[in-house]
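The exercises below are to be worked with the sequence and the coordinates open. Each task is followed by a solution in steps.

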Amino acid sequence: MNKEIPVLYGKDDNCCACGACVNICPKNAISMKKDRYGFLFPAINSDLCINCKLCKKVCAYQNVNETNTPLKTWVAVSKNKEKLKKSASGGVFYTLADAVIKEKGCAAGAAFDDKFELSHIIAYDEKTLEKLQGSKYTQSSTGLVFREIRKKLNDDKTVLFSGCPCQVAGLKAYLGKDYSNLITVDLICHGVPSNKAFRDYLKFFEKKKNIKVKKFSFRDKSIGWGKNGSIISEDNYKFKLYETAESYLYYFANSLILRKNCYSCKYADSHRTGDITIGDFWGLEKEYPELLGKNKIDESKGVSVIIANTDKGIDFIKKNRNLFDLYKSSFEKAAKGNTQLNRPSRYDTKRETILELYADKGWKAVDERFNKNIGIRKYAGVLKSMIPARVKRTIKRFK
Ligand SMILES: Cc1cc2nc3c(=O)[nH]c(=O)nc-3n(C[C@H](O)[C@H](O)[C@H](O)COP(=O)(O)OP(=O)(O)OC[C@H]3O[C@@H](n4cnc5c(N)ncnc54)[C@H](O)[C@@H]3O)c2cc1C
């Protein structure tokens, strides 16, 4: 007789790979496996499974029950100018996490290892915290970090957890109860490509340029506050990566290589999973032109939106308000320029074409397709980055 084991997700868009099922399994019977595009999905080892169904009960994604809604919203820029430079937006994450660590707490978030595999780790000191800093536009594996976080919470340590909204929901479902010493931070999220695709893109880049990548930044502010990145090679040469000229960045930004469930993400609206939500304050020049300019906010350095969704979130921001330049705003104003506060990224059938090409022939074939299709439009980003922030602001205000 066949042993009965739970069906974890059925269709691909029923799973976000938050890892709650992996963490809760009392027999360690669940592990993440890659599909042909490199996306992670949980799989059960039937020899170990005792059919307790905890994995089904813990699934936050299939039982969404989010009641948090925005209570207060701010425009925010960290006063720590050194850390601001290396953050994607206004440096909110590092500044808040650093405040928690200084009080003997810890912070969990996504960090690359030396092979550019991305996973969630816990930082107890500033040196490790630097690894968490900066957006990585590829999926982070949560591994067994939820178990480690529960131990720390039970030891009365303050934990700041940050991640995509589905990862925050997964952690909360795994914990199964509120902890006063846990602060959750969800990112406004466009969606995630697979980490395998990102690493294959890097290998392709290394081969093309005959270099070894030492450092990768998805958002390099020396090119301005936008979606352009950079690579630093082992011999310290810097390659600027423009969103319109790099296959991986372009296909990510245009939602053509995201995980399947991201196109129907249940958290891409005002129901937020974290005590606070952070993201870019896109559209600041339209909503608050008076905040920009000489001796005011320099938008070329990056600006964040902070949304507090719980009383704990409000108290946490108020406690740390002296670390930021903070201006009151509203969810409606922030959501005007930030699509993923309103709806998930739009699905396009080109996704399947590109991902199939990748699975069959590798990233080189994807890059060739990109170059053939994009033509001279790829230089748009390069030209745009040459326009000074002041001029861009004026153009955008009248658009
Ligand atoms: C995949 C992805 C998509 C995003 N899409 C949008 C968007 O559409 N609109 C928007 O306004 N903002 C988006 N963001 C958030 C934005 O890029 C910044 O991360 C955010 O504004 C915080 O910036 P910061 O300056 O405060 O901190 P930073 O130091 O830049 O952010 C670091 C924080 O992000 C976490 N992090 C980085 N990469 C990942 C990852 N792959 N998975 C989980 N956590 C990660 C780190 O753990 C750390 O907590 C996205 C982020 C990611 C990771």
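## Exercise 1: A loop residue and its distant partner

A245 lies in the loop between β10 and α9. The model is a predicted one.

Task: classify A245 by its C-beta neighbours, and find how far A245 is from V382 in sequence and in space.

Solution. Step 1: A245 has 19 other C-beta atoms within 10 Å. Step 2: a buried residue needs 20 or more, and an exposed one has 12 or fewer. A245 is therefore partly exposed. Step 3: 137 residues separate A245 from V382 in sequence, while their C-alpha atoms are 7.9 Å apart.

## Exercise 2: A strand residue and its separation

Task: place S31, classify S31 by its neighbours, and give its distance from I276.

Solution. Step 1: S31 belongs to strand β1, residues 30–34. Step 2: S31 has 13 C-beta neighbours inside 10 Å and so counts as partly exposed. Step 3: S31 and I276 lie 245 residues apart in sequence, and the C-alpha to C-alpha distance is 30 Å.

Step 4 turns to the pairing of β1. This strand pairs with β2 (residues 40–44) in the antiparallel sense, over 5 bridges. In this pairing M32 stands opposite P42 in β2. The hairpin of β1 and β2 has 5 residues between the strands, and G38 takes a positive phi there, near 95°.

## Exercise 3: Positive phi outside glycine

Task: for A17 and S255, state the phi value, the place in the chain and the burial.

Solution. Step 1: A17 is not a glycine, yet its phi is positive, at about 60°. A17 sits in the segment before α1 (20–24). With 25 other C-beta atoms within 10 Å, A17 is buried.

Step 2: S255 also has a positive phi, near 60°, and is a residue other than glycine. S255 is placed in the loop between α9 (247–253) and β11 (276–280). S255 has 20 C-beta neighbours inside 10 Å and therefore counts as buried.

## Exercise 4: Helix α8

Task: compare the span of α8 with the expected value, list its buried residues, and describe the residue that follows the helix.

Solution. Step 1: α8 covers residues 195–209, which is 15 residues. From first to last C-alpha α8 reaches 21 Å, close to the 21 Å expected at 1.5 Å a residue. Step 2: the buried residues in α8 are N195, K196, A197, F198, Y201 and F205. Step 3: a reading aid for this list is that an α-helix has 3.6 residues a turn, so residues three or four places apart point the same way. Step 4: N210, just after α8, takes a positive phi of about 55°.

## Exercise 5: Two open sheets

Task: give the strand order and the edge strands of each sheet, then inspect one pairing in each.

Solution. Step 1: the sheet of 3 strands is open, runs β8-β9-β10, and has antiparallel pairing. β8 (213–217) and β10 (238–241) each have a single partner strand, so one side of each is left without a neighbour in the sheet. Ignoring direction, neighbouring strands of this sheet are turned by 15° against each other on average. Within the sheet, β9 (residues 229–233) is joined to antiparallel β10 by 4 bridges, and S230 stands opposite K240 in β10.

Step 2: the sheet of 8 strands is open as well, with mixed pairing and the order β5-β4-β6-β7-β11-β12-β3-β13. Its edge strands, β5 (118–123) and β13 (324–329), each pair on one side only. From one strand to the next the twist averages 25°. β7 (residues 182–187) pairs with β11 in the parallel sense over 3 bridges, and D186 stands opposite T277 in β11.

## Exercise 6: The ligand shell

Task: how many residues surround the ligand, which are the closest, and which elements supply at least two of the shell residues?

Solution. Step 1: the ligand is surrounded by 33 residues, and the closest are S87, A88, G109, H190 and G279. Step 2: α4 (92–102), β4 (106–112), β6 (159–163) and β11 each supply at least two shell residues. Step 3: the shell divides into 14 nonpolar, 17 polar and 2 charged residues.

Conventions: Residues numbered from 1 in each chain as written. Predicted model: local features only at pLDDT ≥ 70, side-chain atom pairs only at ≥ 80, totals over all residues. Expected span 1.5 Å × (residues − 1). Near = placed C-beta within 6 Å. Nonpolar A, V, L, I, M, F, W, Y, C, P; charged D, E, K, R; others polar. Pairing = 2+ DSSP bridges. Axes fitted to C-alpha atoms, helices over the stretch in contact; angles between N-to-C directions.
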